Amino acid sequence: MKLAKSLLAVALVLVMALSVCACSVQLGGEETWNYSADDKDGTVELFNNFTEKTFADTNQVVTLTEKGKELFTETIDGTSSHGVYNTSGVTESGKTDTYAFKDGKKYIFASSDGETQYYMEGKKNYEMGYRAYKKYLELFDWNEAKGVTFSAKVDGKKENEKAVSKETLKIEMKKGKSDSLTISATSEDGLVKKLTYTVNSKDEKIENEKITLDFTYGSAKVKIPDISKWTKSE
C-alpha cells in the first residue's frame with residue numbers, strides 16, 4: 001500500500017472542456033471504431049466509459065502486480081469483497097485480509113493480519129473495502145491542471161455480429177519533460193482484461209514504475225469469516 005500511495009502522490013504532482021472525437025467504420029461483417037481526446041475532461045470521459053461496465057460488474061477477481069510481485073488481490077462476489085494485501089516485512093503473517101460485506105441491513109468492514117482482528121460497521125467503512133482496487137486508479141482527482149497535457153485514444157474492433165468486441169485504451173499525461181503518467185488497457189465486450197499505468201517523476205525519483213491490474217470474471221467466490229469474536233472498532 002505504501003507503493004500505491006507513492007504513485008498516487010506522483011499523480012497529484014502532475015495535477016488534470018470536452019473534446020472527444022469519434023469515428024466508426026463498417027466493412028462487410030467487420031466493424032471498427034475509435035475515440036480520441038486531447039484535454040482533461042475528454043480524457044476522463046474516455047476512461048470512465050472504458051471502465052464503466054467493469055466497475056459495475058459484481059463477479060470478478062482483480063490482481064495488482066508490480067515487477068512481477070503480487071501486491072494486492074481483490075475478489076468481488078455480489079455485495080461481498082475479500083482483499084488480500086501483501087504485507088511481507090510489515091506483519092508477521094506477511095499478508096492482511098480485508099472483508100466488506102452486508103449482514104442483513106448492516107454494512108461491515110473487517111480486517112485481519114494474523115495478529116489483530118477487528119471490524120467496523122457503517123456504509124462508509126464498507127465502501128472502504130468494497131471494490132478497493134479502484135483506489136489505485138484514482139488518478140484524475142486532481143485539484144489543478146496547470147502545465148499538464150493530455151491525450152487519450154480508444155480503438156475498437158468487432159469481426160462480426162456474434163464476435164467478441166475488443167478495445168484498447170491509451171492515455172498519456174505529461175508535465176514538463178520529466179513527469180508523466182501513461183495508462184494502457186485492453187477490454188473484451190466492455191470488461192477490462194488488463195490495465196497498466198506507468199509513472200515517471202524526476203522529483204519523486206521514479207522512473208518507469210509500472211503497476212498492472214489483471215481482471216478475470218465469472219468464477220469469483222467470497223467466504224466471509226466468523227467475526228463474532230473479533231474486536232469491534234468505532
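**Exercise 1. Describe how strand E6 is placed between its partner strands, and follow Asp97 across them.**

Step 1. Strand E5 and strand E6 (residues 95–103) pair in the antiparallel sense over 6 bridges, where strands are DSSP runs of at least two residues, helices are H or I runs of at least four, and both are numbered from the N terminus. Two strands are said to pair if DSSP finds at least two bridges between them. The model is a predicted one, in which local features need pLDDT of at least 70 and side-chain atom pairs count only at pLDDT 80 or more, while totals for chains, interfaces and linings use all residues. Residues are numbered from 1 along each chain as its sequence is written, and side-chain values use heavy atoms, with hydrogens and water left out.

Step 2. On its other pairing, E6 meets strand E7 (residues 106–112), again in the antiparallel sense, over 7 bridges. These two strands, E6 and E7, form a hairpin with 2 residues between them, and Gly104 in the turn has a positive phi of about 65°.

Step 3. Asp97 in E6 stands opposite Val84, and the bridge partner of Asp97 in E7 is Ser112.

**Exercise 2. Is Asp97 buried or exposed, and with which residue does Asp97 form a salt bridge?**

Step 1. Asp97 has a relative accessibility of 10% and therefore counts as buried, since buried means under 20% relative accessible area, exposed over 50%, and partly exposed in between (1.4 Å probe, protein chains only).

Step 2. The salt-bridge partner of Asp97 is Lys95, with the closest N and O atoms 3.6 Å apart; a salt bridge is a side-chain nitrogen of Lys or Arg within 4 Å of a carboxyl oxygen of Asp or Glu. Lys95 is partly exposed, with a relative accessible area of 39%.

**Exercise 3. Locate His82 and list what surrounds this residue.**

Step 1. His82 belongs to strand E5, which covers residues 80–86.

Step 2. Once neighbours within four places in sequence are left aside, His82 is in contact (heavy atoms within 4.5 Å) with Thr73, Glu74, Thr75, Asp97, Thr98, Tyr99 and Val222.

Step 3. With the side chain of Tyr99, the side chain of His82 makes a polar contact of 3.5 Å. Such a contact is a pair of N or O atoms within 3.5 Å; within protein, one must be able to donate a hydrogen and the other to accept it, and residues adjacent in sequence count only if both atoms are side-chain atoms.

**Exercise 4. How many salt bridges does the whole structure hold, and why does the pair of Lys157 and Glu30 tie together separated parts?**

Step 1. A search of the whole structure finds 7 salt bridges, and in one of them the side chains of Lys157 and Glu30 meet at 3.9 Å, N to O.

Step 2. Lys157 lies in strand E9 and Glu30 in strand E2 (residues 30–37), so the pair ties together parts that are 127 residues apart in sequence.

Step 3. Lys157 is partly exposed at 39% relative accessible area, and Glu30 is likewise partly exposed at 32%.

**Exercise 5. Identify the nonpolar cores of the chain.**

Step 1. A nonpolar core is a set of buried Ala, Val, Leu, Ile, Met, Phe, Trp, Tyr and Cys residues joined through side-chain atoms within 4.5 Å. The largest has 34 residues, and those with the most contacts inside it are Tyr133, Leu195, Tyr197 and Leu213.

Step 2. Apart from this core lies another, of 7 residues, among them Tyr99, Phe101, Ala110 and Trp230.
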